[in-house]
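Ready for a short walk through a protein? Please open the model in your viewer and keep the selection tool at hand.

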Amino acid sequence: MADTAAYLVDQLLPEAGYRQWVLTFPWALRYHLAVDRPLFTALLRTFLRTLFAWQRRRGRAVGISDGQSGAVTFIQRFGSALNLNTHGHSILPDGLFVPNGSDSLLFAQLPAPTDDDVALLTHKVARRLTAIAHRHLPQWEQPCDDEQAALQYTLQVALQTPHRTSAWTPVDKPLCATVDGFSVHAARTVASDDRAGLERLCRYGLRAPLSLERLSILGDGRIQYRFARRWSNGQSALVVDPLDFLARLAALIPAPYTNLVRYHGVFANRSRYRSQLP
């Protein structure tokens, strides 16, 4: 993890301001995303294309006609309760890389997004990703009994009951919105001169699904996993039987040869752009 984070900061991500965009998915879709890699790839690609297009439009509004963006995405399969929750943490420059006429790119900072920007983007993302999910899985909102049983067995009673939101849900967090179960959060940023902070952000995306320091065995043999933060309902830990604990861990293991770090835009075309980046 440390080696990968250090490589990203030292060798790939040039000095620029960065923002983390977190995309999470509706409950009914999460099981499919955990087992269907092509579907997750298609949804992630569409999400990032939507963000890139939005950045380019903002660039054109301030006179940048040919700016380029990029993203490094860390795929996480877990939630805070060792539950199956495949989602993405994408790190994007908070601006565009612009050709300067000498076979190199300069970074041009863009204005920070507003709450309204994130809400509108989430509406667009939810509409596009829902269309892809319906084409790929016509019955994804009504999983078959076996899939539903597997999902419920993995999540267990510690999680909230799966539900579907039919419209934009206001939230108390800044730069965060939820539409039809799709959630976008974009509040965490790193300044251009904070390379240590950028490495910490990469390590956060690369972190393990559980912390051994918060794991313990109770006197009756059950497994307790303490949450990093107390939930809004007052719950502070997950307590399960050993077999349930193993079932949760098994669900978090990705399939062989699964890439949990994805590169898009200028960071994917490293052979073309690496020598040009600042």
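The stops below take you through this predicted model, with something to select at each one.

**Stop 1: a pair of tryptophans**

Start with the aromatic rings, of which 6 pairs turn up in a search of the whole structure. Select tryptophan 21 and tryptophan 54, whose rings make an edge-to-face pair with centres 5.8 Å apart and planes at 75°. Those two values are the usual way to describe such a contact, since a pair of aromatic rings is described by the distance of the centres and the angle of the planes. Now colour by position along the chain: tryptophan 21 belongs to strand β1 (residues 18–24) and tryptophan 54 to helix α3 (residues 37–61), so this pair links distant parts of the chain, 33 residues apart. Are these two rings buried or exposed? Tryptophan 21 is buried, with a relative accessible area of 2%, and tryptophan 54 is buried too, at 10%.

While you are looking at rings, add Phe25, Phe40 and Phe182 to the view, as they form one aromatic cluster.

**Stop 2: the cavity**

Keep tryptophan 54 selected, because it helps to line the largest cavity, together with Gln55, Arg58, Asp94, Leu110, Pro111 and Pro113. The volume of this cavity is about 40 Å³. The search of the whole structure finds 1 cavity of 30 Å³ or more. Try colouring its lining by residue class: you should find 4 nonpolar, 1 polar and 2 charged residues.

**Stop 3: a helix that is largely enclosed**

Next, select residues 27–35, which make up helix α2. How many of the 9 residues of this helix are buried? The number is 7, so helix α2 is largely enclosed by the rest of the structure. Show Trp27, Leu29, Arg30, Tyr31, His32, Leu33 and Ala34 to see the buried residues of α2. Two of these names deserve a closer look: arginine 30 lies over the face of tryptophan 27, at 4.4 Å from the ring centre.

**Stop 4: the second largest pocket**

Move on to the second largest pocket, with a volume of about 190 Å³. It is lined by 14 residues, and those closest to its centre are Ile75, Phe78, Arg207, Pro209 and Leu260. Which strand gives the largest share of the lining? Strand β2 (residues 70–78) does, with 5 residues. Sorted by class, the lining has 10 nonpolar, 2 polar and 2 charged residues. Stay with arginine 207 for a moment and add tyrosine 204: the charged end of arginine 207 sits over the ring of tyrosine 204, 4.0 Å from its centre.

**Stop 5: strands side by side**

Select strand β11 (residues 223–226) and show its side chains. In a regular strand the side chains alternate between the two faces of the sheet. You can see this in β11: Ile223 and Tyr225 point to one face and are buried, while Gln224 and Arg226 point to the other and are not.

Then bring in the partners of β11. Strand β10 (residues 215–217) runs antiparallel to β11 and is joined to it by 3 bridges, with leucine 215 opposite tyrosine 225. These two strands make a hairpin with 5 residues between them, and in the turn you will find glycine 221, whose phi is positive at about 95°. Strand β12 (residues 237–240) also pairs with β11 in the antiparallel sense, over 4 bridges. Here isoleucine 223 stands opposite valine 240.

**Stop 6: two residues with a positive phi**

Most residues other than glycine have a negative phi, and most peptide bonds are trans. Select leucine 82, where phi is near 55°, a positive value. Leucine 82 is in the loop between β2 and β3 (84–93), and is buried, with a relative accessible area of 0%. Then select tyrosine 257, with a positive phi of about 65°. Tyrosine 257 is in the loop between α7 and β13 (261–265). Is tyrosine 257 buried or exposed? It is exposed, because its relative accessible area is 81% and anything over 50% counts as exposed.

**Last stop: alanine 250**

Finish in helix α7 (residues 242–252) by selecting alanine 250. Its relative accessibility is 49%, so alanine 250 counts as partly exposed. Draw a distance from its C-alpha atom to that of leucine 84: the two are separated by 9.7 Å, although they are 166 residues apart along the chain.

Note on methods
Residues numbered from 1 in each chain as written. Predicted model: local features only at pLDDT ≥ 70, side-chain atom pairs only at ≥ 80, totals over all residues. Heavy atoms only, no water. 1 Å grid on protein atoms, 1.4 Å probe; cavity = no way out; pocket = protein on both sides within 12 Å on 5 of 7 lines; lining within 4 Å. Points joined across faces, edges and corners; volume = space filled by probe spheres on them. Nonpolar A, V, L, I, M, F, W, Y, C, P; charged D, E, K, R; others polar. Buried < 20%, exposed > 50% of the residue type's maximum accessible area, 1.4 Å probe, protein only. Pairing = 2+ DSSP bridges. Phe/Tyr/Trp six-rings, centres within 6.5 Å; stacked < 30°, edge-to-face > 60°. Lys NZ or Arg CZ within 6 Å of the ring centre and 35° of its normal.
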